[in-house]
Amino acid sequence: MEREYHVCTGCALLCDDIELREVENKTIVDSACRKGVAWIKNCQHPLECTVDAKDATTQDAIEKAAEILKNAKNPLVFGMGNSSLNAQEKAIELAKKTNAYIDDTSSFCQGPFVEAILNDKIKSCTLDEVRDNADVIVYWGCDPSNSHPRHLSKYSYFPRGKMRQRGWEEDRTAIAIDVRKSDTAIICEDNFYRIPPKADVEFAQALTEALSGKVPKVNFGMKPKEILELANVLKKAEFGVIFAGLGVVYSMPDLSSMENLLEALNKKTDFHLMPMVGQYNMRGFNHLLFEKTGYINRVSFEGKKTDHGPQCSVVEVLKGKKVDAALIIGSDPLSSLPGSIAANLKEIPTVVIDPCKTFTSQIANVTIPAAVTGVECKGEAIRMDGVKVELTQMKESDKMTDADIIEKIMEVI
Ligand code: SF4
């Protein structure tokens with residue numbers, strides 16, 4: 001019998017080798033990590049369909065959501081990192097139709113790196129190229145052993161690849177740069193470079209100096225010899241990659257120091273950077289919005305012109321109380337944004353579309369449960385490396401997809 005493989009949407013690695021087995025009426029999930037199994041087995045607290053905290057039919061909830069968005073002058077559409085490309089496309093259409101601000105979590109996480117890649121300012125590559133070719137791998141400000149548990153085994157450090165037939169330490173050098181000794185840093189053993197918080201720019205500049213033959217200096221007690229040794233390993237790579245996590249994003253006010261480092265490295269060898277995107281389809285939203293507007297996030301469709309910039313970010317529009325309604329799709333701003341900013345959501349009518357209960361759904365006026373894409377319905381998504389992936393359906397469900405819910409809301413509007 002032909003084996004059937006599924007794609008896990010538990011994180012942006014989108015592992016495509018997941019198998020399901022039925023054993024004594026229980027579903028066993030093979031190949032997924034602990035995070036993936038928990039995701040596939042579904043949320044423990046499914047979202048209920050409600051209007052003003054009372055049980056409602058899906059049709060009533062959709063009509064109320066449409067009324068809220070139609071009556072709003074400046075609504076906010078936010079989230080979509082855990083939605084299919086189809087749902088994201090419809091959310092962008094809805095935002096246009098309602099003159100809304102539209103934004104996603106990338107505006108306060110990996111957005112700058114994705115933007116730099118889409119604008120050809122940073123050289124990137126695919127995960128398959130990393131597995132097949134990479135001999136020097138830098139985990140900078142990230143801990144994939146916990147955030148993307150199969151990253152090291154499936155694509156980066158451990159696996160064998162076309163040009164790396166032995167894999168692991170025989171074929172690859174793994175390096176960690178971080179403020180703490182994470183589980184990934186422990187695997188990198190002696191190649192762990194501990195830097196103080198907010199020292200990423202200084203360290204990137206010191207590495208760039210070392211690559212150009214100067215004696216590098218930093219103000220945090222790391223000896224020039226150590227930095228020169230690291231620069232030497234990087235420049236001898238045949239195919240190098242930096243996996244950049246939130247630790248880097250949050251400590252680099254702009255990416256110029258990282259761009260300069262990559263430019264210096266690429267004068268000597270072949271080096272790439274890939275952002276450690278978390279939600280399975282955050283990059284999909286960035287790619288779609290970029291295609292349609294030239295921007296990856298923080299867009300306003302108010303008026304005839306598309307506005308873009310920090311003033312259109314979820315943080316600024318909530319802080320400045322610029323929005324009078326919100327549609328939150330597959331996201332939980334109440335737990336991811338600073339409390340004082342997210343609290344402003346309580347003052348405006350809010351609609352939540354999500355498979356699971358969240359902090360935000362608890363304060364929402366309308367909640368509409370959606371199927372989990374990749375588990376309860378099919379779809380498409382863009383993996384953390386920019387590759388499009390088809391998502392399969394793993395189990396039957398009578399829940400509507402988020403794409404269908406958004407479509408129905410638009411029909412009523
Ligand atoms: Fe799922 Fe991510 Fe785990 Fe792969 S690493 S099985 S995509 S949660």
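The chain comprises 19 helices and 18 strands in a model that is predicted. Along the principal axes, the C-alpha atoms occupy a box of roughly 65 × 55 × 30 Å. The radius of gyration of the chain is 22 Å, and because a compact globule of 413 residues would have a value near 22 Å, the chain agrees with that expectation. Of the 413 residues, 51% are buried. Among contacts with a separation of 6 or more, 68% are made by residues 24 or more positions apart.

The domain assignment divides the chain into two parts. Domain 1 is assembled from the segments 43-106, 280-373 and 400-412, whereas domain 2 is formed by residues 111-275. A distance of 35 Å separates the C-alpha centres of domain 1 and domain 2. Contact between the domains involves six residues of domain 1 and four residues of domain 2. On the side of domain 1 that touches domain 2, three residues are polar, two are nonpolar and one is charged.

The surroundings of the ligand were examined next. Around the ligand stand 13 residues, of which Cys-8, Gly-10, Cys-11, Cys-15 and Gly-36 come nearest. Classification of this shell gives eight nonpolar, three polar and two charged residues. Under the scheme applied here, Cys counts as nonpolar and Gly as polar, so that Cys-8, Cys-11 and Cys-15 belong to the nonpolar class, and Gly-10 and Gly-36 to the polar class.

Note on methods. Residues numbered from 1 in each chain as written. Predicted model: local features only at pLDDT ≥ 70, side-chain atom pairs only at ≥ 80, totals over all residues. Near = placed C-beta within 6 Å. Domains from an automatic or database assignment. Contact = placed C-beta atoms within 7 Å. Helix = DSSP H or I, 4+ residues; strand = E, 2+ residues; numbered from the N terminus. Rg over C-alpha atoms; globule rule 2.2 N^0.38 Å. Buried ≥ 20, exposed ≤ 12 C-beta atoms within 10 Å, placed from the backbone.
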